[in-house]
Amino acid sequence: MKRFLVIFFLVVVFFALQTLYRAGQFKIINDDFKGSVTQLYTNVPGPEDMQVDQATNKLYIAGSERRMKPAVDNGIYVLGLDSISQPIKLATDYNGEFNPHGISLLRKDSLLYLFAVNHNNQGDFVES
């Protein structure tokens with residue numbers, strides 16, 4: 001019986017260590033960043049997701065500050081990657097609570113479609 005318990009314990013420890021290893025618990029991450037920070041942006045509330053439009057070299061940012069109610073600065077921001085400037089909030093005619101989470105871009109011919117996942121009090125919706 002004692003031998004069985006020792007073997008059982010060793011098997012449990014083996015699988016626990018193997019699970020931790022595969023999860024990356026023992027992995028060493030080296031900080032090899034060789035660049036420098038050239039600009040710090042602080043006017044986008046709670047950036048959630050970002051998408052680059054390579055045709056226009058612009059970065060679209062979904063910003064939603066979930067901790068503050070009501071959050072008045074939630075929205076989609078655009079940042080030109082050609083020059084150092086602050087992100088600008090896109091104007092919208094959307095009526096209702098807009099808390100963008102994930103965004104996706106689709107370029108078809110010369111048109112750009114921007115889709116956003118909106119988490120609000122009524123539920124979760126995809127807005128375009």
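**Loops, strands and aromatic pairs in a predicted model**

Asn57 is placed in the loop between strand 1 and strand 2, and in this predicted model its phi angle is near 60°, a positive value in a residue other than glycine. With a relative accessibility of 28%, Asn57 counts as partly exposed. A second residue with such a backbone angle is Asp109, whose phi is likewise near 60° and positive although the residue is not glycine. Asp109 belongs to the loop between strand 5 and strand 6 (111-120), and its relative accessible area of 75% makes it exposed.

The strands beside these loops also supply the partners of a salt bridge, and a search of the whole structure finds one such interaction. It is formed by Asp53 and Arg107, whose closest N and O atoms are 2.5 Å apart. The pair links distant parts of the chain, since Asp53 lies in strand 1 (residues 47-53) and Arg107 in strand 5 (residues 100-108), with their positions 54 residues apart in sequence. The two partners were also examined for their accessibility: Asp53 is buried, at a relative accessible area of 6%, whereas Arg107 is partly exposed, at 34%. Asp53 counts as buried because its value of 6% falls under the limit of 20% relative accessible area; Arg107, at 34%, falls between that limit and the 50% over which a residue is exposed. When residues up to four places away in sequence are not counted, Asp53 touches Lys58, Tyr60, Leu105 and Leu112 as well as its salt-bridge partner Arg107.

In strand 2 (residues 58-63), attention falls on Leu59, which is buried at 13% relative accessibility. The C-alpha atom of Leu59 is separated by 5.6 Å from that of Val78, a residue 19 positions away along the chain. Val78 is also among the residues in contact with Leu59 once neighbours within four places in sequence are left aside. The other contacts of Leu59 counted in this way are Met50, Gln51 and Val52, together with Tyr77, Leu79 and Leu81.

Turning to the aromatic residues, the structure holds two aromatic pairs. One of them joins Phe4 and Phe8 in a stacked arrangement, with 6.4 Å from centre to centre and 20° between the planes. The arrangement counts as stacked because the angle of 20° is under the limit of 30 degrees. Both residues lie in helix 1 (residues 2-22), four residues apart, which is about one turn of the helix. Phe4 is exposed, with a relative accessible area of 53%, while Phe8, at 49% relative accessibility, counts as partly exposed. Phe14 and Phe15 form an aromatic pair that is edge-to-face, the centres being 5.4 Å apart and the planes standing at 70°. For Phe15, a relative accessibility of 47% corresponds to the partly exposed class.

Phe4 and Phe8 also take part in a nonpolar patch on the surface, which they form with Met1, Leu5 and Val12, and the accessible area of these residues together is about 590 Å². Of these members, Val12 is placed in helix 1 and counts as partly exposed at 42% relative accessibility. The values for Phe4 (53%), Phe8 (49%) and Val12 (42%) are each compatible with membership, because patches are made of residues with over 30% relative accessible area.

Key: Residues are numbered from 1 along each chain as its sequence is written. This is a predicted model: local features need pLDDT of at least 70, side-chain atom pairs count only at pLDDT 80 or more; totals for chains, interfaces and linings use all residues. Side-chain values use heavy atoms; hydrogens and water are left out. A salt bridge is a side-chain nitrogen of Lys or Arg within 4 Å of a carboxyl oxygen of Asp or Glu. Helices (H or I, at least four residues) and strands (E, at least two) are DSSP runs, numbered from the N terminus. Buried means under 20% relative accessible area, exposed over 50%, partly exposed in between (1.4 Å probe, protein chains only). Contact means heavy atoms within 4.5 Å. Rings of Phe, Tyr and Trp (its six-membered ring) pair if their centres lie within 6.5 Å; planes under 30 degrees apart count as stacked, over 60 as edge-to-face and the rest as tilted. Patches are made of residues with over 30% relative accessible area and no salt bridge: like charges are joined within 9 Å, nonpolar side chains (Val, Leu, Ile, Met, Phe, Trp, Tyr) within 5 Å. Accessible areas come from the Shrake-Rupley method with a 1.4 Å probe; for residues, only the protein chains shown count as cover.
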